[in-house]
Number of protein chains: 2
Amino acid sequence: MRGAVLHAPGDVRLDQREDPAVVAPTDAVIRTVAACVCGSDLWGYRGVDPVTRPTPMGHEYVGVVEEVGADVELVRPGQFVVGSFFASDNTCPNCLNGYQSNCLHRQPLGAIGCQAEYVRIPLADGTLVATPGTPDDAFIPSLLACSDVMGTGWYAALAAEVGPGKTVAVVGDGAVGLCAVIAARELGAERIVAMSRHASRQRLATEFGATDVVTERGDEGIARIREMTGGIGADAVLECVGTEQAMAQALRSARPGGNVGFVGVPHGVAVDGRELFNSHVALRGGPAPVRAYLPDLVERVLDGRIDPGRVFDLDLPLEQVAEGYRAMDERRAIKALLRP
Amino acid sequence: MRGAVLHAPGDVRLDQREDPAVVAPTDAVIRTVAACVCGSDLWGYRGVDPVTRPTPMGHEYVGVVEEVGADVELVRPGQFVVGSFFASDNTCPNCLNGYQSNCLHRQPLGAIGCQAEYVRIPLADGTLVATPGTPDDAFIPSLLACSDVMGTGWYAALAAEVGPGKTVAVVGDGAVGLCAVIAARELGAERIVAMSRHASRQRLATEFGATDVVTERGDEGIARIREMTGGIGADAVLECVGTEQAMAQALRSARPGGNVGFVGVPHGVAVDGRELFNSHVALRGGPAPVRAYLPDLVERVLDGRIDPGRVFDLDLPLEQVAEGYRAMDERRAIKALLRP
C-alpha cells in the first residue's frame, strides 16, 4: 500500500509501505476513507523536532473496517469508524477516569502512520467508534475532524472549565483553535474571543461562534482581553499553539481564579512557579482524550449541530500529500484533507 | 507599642514601633490577642529572601477592635475578629469570584506587621470576620490558625478539587500541610496520605485525619504513592512547601487527570510545559483567599469540628518572638504562637 513518509525536514513522500495486518488479537485493520495533516505534523516537517529516520506520518483517520482480530468484539468488518490519535483499551483506570490518551496501554497512532491507504488500529474496541450506518460523504470532513482537532478543541474547553455564561479567549487560529471556538459555543460560553490576524480564519471563527476577534498579540493582545473584561481577564483561555509566547499570552489573559486549557504540544515552554502562584490561574493540558468525546461528537456532527470539517480548506488526493504539508507550512491552508 | 522587626537574617527583635492609627476611613485598629510565626516568615529569616531594611513581621492575627474609620460599617469596636493575611474590599470582581487574595485593592498585612501589640487593618469590613461574642480562650489558637494556615490548607484542598471518595496526598508536614489534612478530611476525602518524616508531625497528621503516612521523599516518595494507588497516582496532591523538589514530587504523585493545589510560596520553581502536558495534571495555586473561607472556618472551630490550633506547639509571650523564629527555623516547633 502507499503511505506518507517524512524523510527529512520539508521532504514528505508517498512511499510504498508494507500492507498492515492484524498482529495482536485486539487489532483491526481499516481501509482509510480520509486522513489529514495536523499542525503537530509540522514540528517535524519544519525540523523543530528532529527527523532521525524515515517516519510514517499522520494520526487522524476515518475508514471502513476490513479485518478484526479474534478478541475484537465491538467493532465489525464493514463498519465506518472514527478513531482517536491514541489507541486506548478504554478499560484501565486512566481510561475510566476519562483520560484515554493516558491509557496504561496506549499506543500513538502517529507511530503507525495514518496518512496511508490502510491502517492497523491497536486496541480496536477501545479506540474506534462506529457510526450508525455509512455516513453521507458530506459528513466525512467533520467526522475526520473529530479524530483529533475537534476532540482536542473540546478537551481544551473542558480543561479550562468552559461553561454557560463564561468569557472565553482562544489563543491560536489553526484548526484546533477554530474547533475550540465550536467547543466553547457548544458548552454554553457567553462570549468567545478569537485571537487571529488572518481574515479568512477570523471569518470562520465568527461563523463557528466567536463573538469577538482580537488581532493584537503578546502584551497588546493581553491588554485587549483585559480591556474587554473590565480589567480582569477572561474566565477561560484555550491555548492551541504550544509556544512559550502563546502560553504566556494565555496565562496573562486569564482572570485571577480563571483557567487555561493548553493543547498545543509545548515546545520550549517553562511556566514560572511564582508567576503562576500569583495569578491564581489553573492550568491543565495534554493530548486530548478524544476517545472519551467521540460518541458525543460524532452524534453532534451527524445531527448537523457542529461542522468542524470546515477547517479543511484544502482537499487533496493522497498522492499530493507533499502539497498538503507545503500549503499548511506556508499557511496557505488551515488544514489539508487527504483522500487515498 | 512593641512589634517584631527583622533586621537581618536570623535577627528578629521586639522593637518600639509607632502606635497604629486609623488612616483611611475604611481602616480599623485592633489590639492583638494573638499572633504567630509563619513558615513563610522564615524565607527572610533564613536569608533566602533578601532583607534590605528593618522589616515589621507577621501577617496572622486575632484581636479586639479598638477603633474604626468613618466608613467602616460591619465591624464594631469591642468585637473579637479574625482576619486574613491580605486585606481585601470583598466587593471587587476578583473578590466576588472568590479570590480575595487577588482583590483589586488588596494590601498585604505582612507589610504592616502583625507580630505586634496593635495592628492597623485596611479595608476592615472586607478583611475581618467577627466572632459571635468573645470566644473562650481555648479557641484562640484555632481561630488564629484560620487567619492563614487553616485557610491556606483549605484553599490547597479546594484548588486540588478534593471531595468525597478522593485519594489525597499532602506534601509538607508544616502547619499548612497539617491543616491541609484537616481540610481534606472535612471535604470528604476517603484516603489522606501525609508525607512526613517527623514522628510528632506524623502523629498530629493522623489525629487530624490522615489515613496513611509516607516517610519516603523524592522518587521513592512518588513510587510509594503510586504503589498505594494501583500504580496510577493520587487524585489530588496538596503541595505545601514551595520548593522545586516539593513541586516535582507533587506533580509526579498525581494521577493523570488529577489535580495539584500548591500553596507553598514558590522559590525557584519552574514547571516544564511538556512534562505538565504529558501528565494531564491540573495545577492551581496562589496565596489563599482566606477571607472567602473565614466565616465557615470560624464556625467549624467554634462548633468544635476542627481544631487546627493544635499546630501551635510553642506558646510564647511576644517578648520571646526571637525564640519563636529560632524554634521554627530549627524545626523544634511546628508553629509558634505569640501573645502580646
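The paragraphs below describe a predicted model, first at the contact between chain A and chain B and then inside each chain.

Residues are numbered from 1 along each chain as its sequence is written, and chains are lettered from A in the order in which they are written. Because the model is predicted, local features need pLDDT of at least 70 and side-chain atom pairs count only at pLDDT 80 or more, while totals for chains, interfaces and linings use all residues; side-chain values use heavy atoms, with hydrogens and water left out.

Chain A and chain B each bring 39 residues to their contact, where contact means heavy atoms within 4.5 Å. The size of an interface is often given as the accessible area lost when the parts come together. Here the buried area (accessible area lost by two parts on being put together, 1.4 Å probe, summed over both) is about 3,200 Å², and carbon and sulfur atoms give 57% of it. On the chain B side, the residues that lose the most area to chain A are B:F277, B:H280 and B:R284, together 24% of what that side buries.

Between the two chains there are 24 residue pairs in polar contact, both residues at pLDDT 80 or more. A polar contact is a pair of N or O atoms within 3.5 Å; within protein, one must be able to donate a hydrogen and the other to accept it, and residues adjacent in sequence count only if both atoms are side-chain atoms. The count of salt bridges (a side-chain nitrogen of Lys or Arg within 4 Å of a carboxyl oxygen of Asp or Glu) between chain B and chain A is zero.

Strand pairing also crosses between the chains. Strand 16 (residues 270–272) of chain A runs antiparallel to strand 16 of chain B, joined by three bridges; strands are DSSP runs of E with at least two residues, helices are H or I runs with at least four, and both are numbered from the N terminus. Two strands pair if DSSP finds at least two bridges between them. A:D272 has B:A270 as its bridge partner.

Within chain A, strand 14 (residues 234–239) is largely enclosed by the rest of the structure, because six of its six residues are buried, meaning under 20% relative accessible area (1.4 Å probe, protein chains only). Strand 14 runs parallel to strand 11 (residues 167–171) through four bridges, with A:V168 opposite A:A236. Five bridges join strand 14 to strand 15 (residues 254–262), also parallel, and A:E239 stands opposite A:F262.

In chain B, helix 5 (residues 149–159) has ten of its eleven residues buried, among them B:W154 and B:Y155. Just after this helix, B:E161 takes a positive phi of about 55 degrees.

Terms used:
Buried < 20%, exposed > 50% of the residue type's maximum accessible area, 1.4 Å probe, protein only.
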